[in-house]
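Me: I am in my first year and would like a close look at the charged side chains of this protein, explained slowly. Could you take me through them in one connected answer, and then through some of the places around them?

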Amino acid sequence: MNFLSADNIAKSFGDRWLFRNLTLGLSQGDKVALVGRNGSGKTSLLDVLAGLQPPDEGNVSLRRELRLGYLNQQPAFDETLSVMDTLFALDTPVVRAVKAYEAALAHHSEAAINLALEGMETHQAWDYEAQVKQVLGKLGIAEADFDKPIAQLSGGQRKRVALARVLLSEPDLLILDEPTNHLDLDTIEWLEGYLSTANLTLLLVTHDRYFLDKVCSEILELTDGRLFRHKGSYAHFVEKQAEREIAEAAEVDKARNLFRRELDWMRRQPKARGTKAQYRVDAFHEVKEKAGQKKADASLELNVKMTRQGSKILEIDDLTKGFDGKNVVEDFSYTFRKKDRVGMVGPNGAGKSTLLNLITGQLTPDAGTVVAGDTTRFGYYRQDEFPFRDDQRVIDVVKEVAEVITLGTGETIPASQFLQQFMFDPKQQYDFVGKLSGGERRRLQLMRVLLQSPNFLILDEPTNDLDISTLNVLEEFLDGFGGCLVLVSHDRYFMDKLVEHLFVFEGEGQIRDFPGNYTDYRGVSDQLSVNSDQKRLAKPGVPATVPVPLVQTGILGAARRKLSFKEQREFETLEKEIADLEQKKAGLTEDLNSGAGDYQQIHLWSKEIEEINHLLEEKELRWLELSELQ
């Protein structure tokens with residue numbers, strides 16, 4: 001079943017065509033990733049397909065009565081509404097049923113209440129508020145923020161609320177533009193699992209290669225205004241892309257050789273075109289067009305000078321920092337060595353940015369010291385800071401630092417040539433920064449950081465908005481970087497390739513040094529969670545009933561513990577309690593459906609069902625927790 005069709009669509013930006021004559025379709029159940037270089041028009045294509053922008057040419061058609069959900073880069077909100085009110089403002093059958101029920105109760109109309117009760121049952125709307133809170137929790141929105149106006153949320157929180165809104169809108173076709181930006185790793189893995197199993201049609205732009213492989217079965221590549229469709233994994237796509245580019249380059253070279261011969265023929269006597277074979281004249285113009293194609297060989301080149309690094313790099317001793325009486329970093333110590341490769345993981349708000357700001361001197365610690373070596377030069381790439389004005393020209397961004405740049409090889413080049421290495425062509429160098437795409441701005445920001453010749457690089461979410469080809473080049477550069485690297489990233493592929501150990505932010509100021517990359521950490525985190533649960537369940541000062549012996553298996557492993565006698569009794573009791581609650585809920589639901597009670601009785605029954613649902617959720621979660629230890 002065809003859900004979306006685009007026929008010969010085109011879109012321009014200023015005097016440049018982003019794409020022309022594009023034709024594509026999405027069928028029910030398709031899960032497709034859209035990839036391409038920054039500035040190639042991916043976001044513009046999504047806007048056109050979602051109906052936010054009209055195409056300059058061609059047309060887009062959606063299946064009738066199709067529910068479309070679109071998460072774009074800059075989601076719009078009613079700033080006065082709270083988070084919960086925003087999600088209850090959706091126009092879905094479930095929300096309409098909830099609103100009809102509330103209106104019926106307010107008007108005390110028995111007929112309207114009976115009709116609304118039918119709607120609530122039909123759409124299973126009794127648990128909608130619990131579902132909303134569950135999705136918000138999974139996306140990292142704290143319960144304390146549920147009643148906050150949207151205007152008071154940070155950029156990252158707004159993006160997560162927008163994602164919750166689009167997931168709860170029950171779409172048939174879901175279009176997502178960089179959905180993993182501003183999400184922590186646990187949230188990304190939850191979203192990955194949801195999208196990979198959900199019964200919906202999906203088109204997304206992402207730079208996260210693990211996410212792409214897990215969720216999507218097809219890849220659309222937008223390059224030079226053309227679309228190429230690939231089935232299979234990201235690795236298969238890279239292989240086929242390389243084969244196509246080699247074949248295209250060979251065709252252009254062949255056309256240029258043929259063009260030289262045909263041009264010589266065209267210049268010969270007789271000069272009158274009418275006396276020449278017309279079919280050959282037409283073929284000449286086709287060859288001329290083919291030979292005039294430019295090879296798509298522009299790529300990012302990272303070749304920058306690094307300041308020499310001494311023996312003393314950075315020493316952190318008993319570092320503590322808190323806000324509003326709560327420590328986010330507590331008694332943390334670490335001594336950096338040459339070529340240290342450290343990743344940081346932990347939920348949003350756990351203190352990662354705070355530690356980075358303490359390291360670089362942007363914040364003053366409450367206790368402890370941070371002492372940098374005399375030769376240590378920081379390069380700090382911040383995720384939320386873009387220090388350039390929209391009316392500033394691209395080349396002036398470089399010239400503010402230097403007119404002439406020294407490369408890692410010792411060679412010196414002018415600012416214009418340096419910008420070309422960062423994929424800013426001569427014409428674009430004199431454009432205003434405000435005309436750049438999000439990824440191009442990030443590339444410019446990264447260039448400014450590297451211009452400082454740092455030997456201690458701190459990169460806070462450097463992968464946001466960068467295209468995959470740029471990430472590959474950045475990975476290669478950082479892999480060979482001779483200084484220290486501290487990396488905060490939600491891109492698991494990027495982190496796995498570059499880091500050797502992790503600072504794990506465990507909450508309440510505690511930071512643990514874990515030996516290994518992110519995949520290693522995930523391999524043992526389930527067991528660490530079991531250990532944490534055991535510590536929580538044990539009474540203060542009393543050892544756990546069953547000790548958990550640790551064993552060395554690779555980096556870290558632990559034996560699985562069994563239920564204690566007390567926990568076994570609790571498990572058996574929970575099964576009976578859940579069954580009783582389900583029976584009681586069924587009876588109350590039957591009473592509601594009968595329409596026998598007056599308004600007050602119906603209200604009491606509804607309230608009791610809500611309380612039972614809350615109890616059931618708590619008991620079922622505890623039952624699942626104990627069942628894993630069976």
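Reply: What follows goes from the whole chain to its salt bridges, then to a charged patch, and last to a few local details.

This is a predicted model, in which local features need pLDDT of at least 70 and side-chain atom pairs count only at pLDDT 80 or more, while totals for chains, interfaces and linings use all residues. Residues are numbered from 1 along each chain as its sequence is written, and side-chain values use heavy atoms, with hydrogens and water left out.

The secondary structure of the chain comes to 19 helices and 22 strands, where helices (H or I, at least four residues) and strands (E, at least two) are DSSP runs numbered from the N terminus. Of the 630 residues, 45% count as buried; here buried means under 20% relative accessible area, exposed means over 50%, and partly exposed lies in between, with a 1.4 Å probe and protein chains only. The accessible surface comes to about 31,900 Å², and 49% of that surface belongs to carbon and sulfur atoms; such areas come from the Shrake-Rupley method with a 1.4 Å probe, and for residues only the protein chains shown count as cover. Among contacts (heavy atoms within 4.5 Å) between residues at least 6 apart in sequence, 67% join residues at least 24 apart.

Now to the charges themselves. Side chains of opposite charge can pair when their charged atoms come close. The structure holds 28 salt bridges, a salt bridge being a side-chain nitrogen of Lys or Arg within 4 Å of a carboxyl oxygen of Asp or Glu.

One of them is formed by the side chains of Arg158 and Glu79, at 2.8 Å from N to O. This pair links distant parts of the chain, since Arg158 belongs to helix H6 (residues 155-168) while Glu79 sits in the loop between strand E5 (68-71) and helix H2 (83-87), 79 residues apart. Glu79 counts as partly exposed, with a relative accessibility of 31%.

Another salt bridge joins Asp491 and Arg209, whose closest N and O atoms are 3.5 Å apart. This pair also links distant parts of the chain: Asp491 is in the loop between strand E18 (484-488) and helix H16 (492-498), Arg209 is in helix H8 (residues 209-215), and 282 residues separate them. Asp491 is buried, at 0% relative accessible area, and Arg209 is buried as well, at 1%.

The salt bridge between Lys576 and Asp580, with closest N and O atoms 3.2 Å apart, lies within one helix. The two residues are separated by about one helical turn because they are 4 residues apart in helix H18 (residues 565-594). Lys576 is exposed, with a relative accessible area of 55%, whereas Asp580 is partly exposed at 39%. Elsewhere, salt bridges that share partners join Asp30, Glu218, Arg229 and Lys231 into one network.

Charges can also be grouped as patches. Glu315, Asp317, Asp318 and Asp331 form a negative surface patch. Patches are made of residues with over 30% relative accessible area and no salt bridge, with like charges joined within 9 Å and nonpolar side chains (Val, Leu, Ile, Met, Phe, Trp, Tyr) within 5 Å. Lys and Arg count as positive and Asp and Glu as negative, while His and the chain ends are not counted; the place of a charge is taken as NZ of Lys, CZ of Arg, CG of Asp or CD of Glu. Strand E10 (residues 314-323) gives the most to this patch, with 3 residues. Asp317 lies in E10 and is partly exposed, with a relative accessible area of 42%.

In the loop between E10 and strand E11 (326-336) is Asp324, which has a positive phi of about 55° although it is not a glycine. Asp324 is exposed, with 84% relative accessible area. Lys339, in the loop between E11 and strand E12 (341-345), likewise is not a glycine and has a positive phi, of about 60°.

The last stop is helix H1 (residues 42-50), which is largely enclosed by the rest of the structure because 8 of its 9 residues are buried. Among these buried residues are the charged Lys42 and Asp47, together with Val48 and Leu49. H1 is followed by Gly51, whose phi is positive, near 85°. Val60, in strand E4 (residues 57-62), touches Val48 and Leu49, and its other contacts beyond four places in sequence are Ser5, Ala6 and Ile9. Val60 itself is partly exposed, at 26% relative accessibility.
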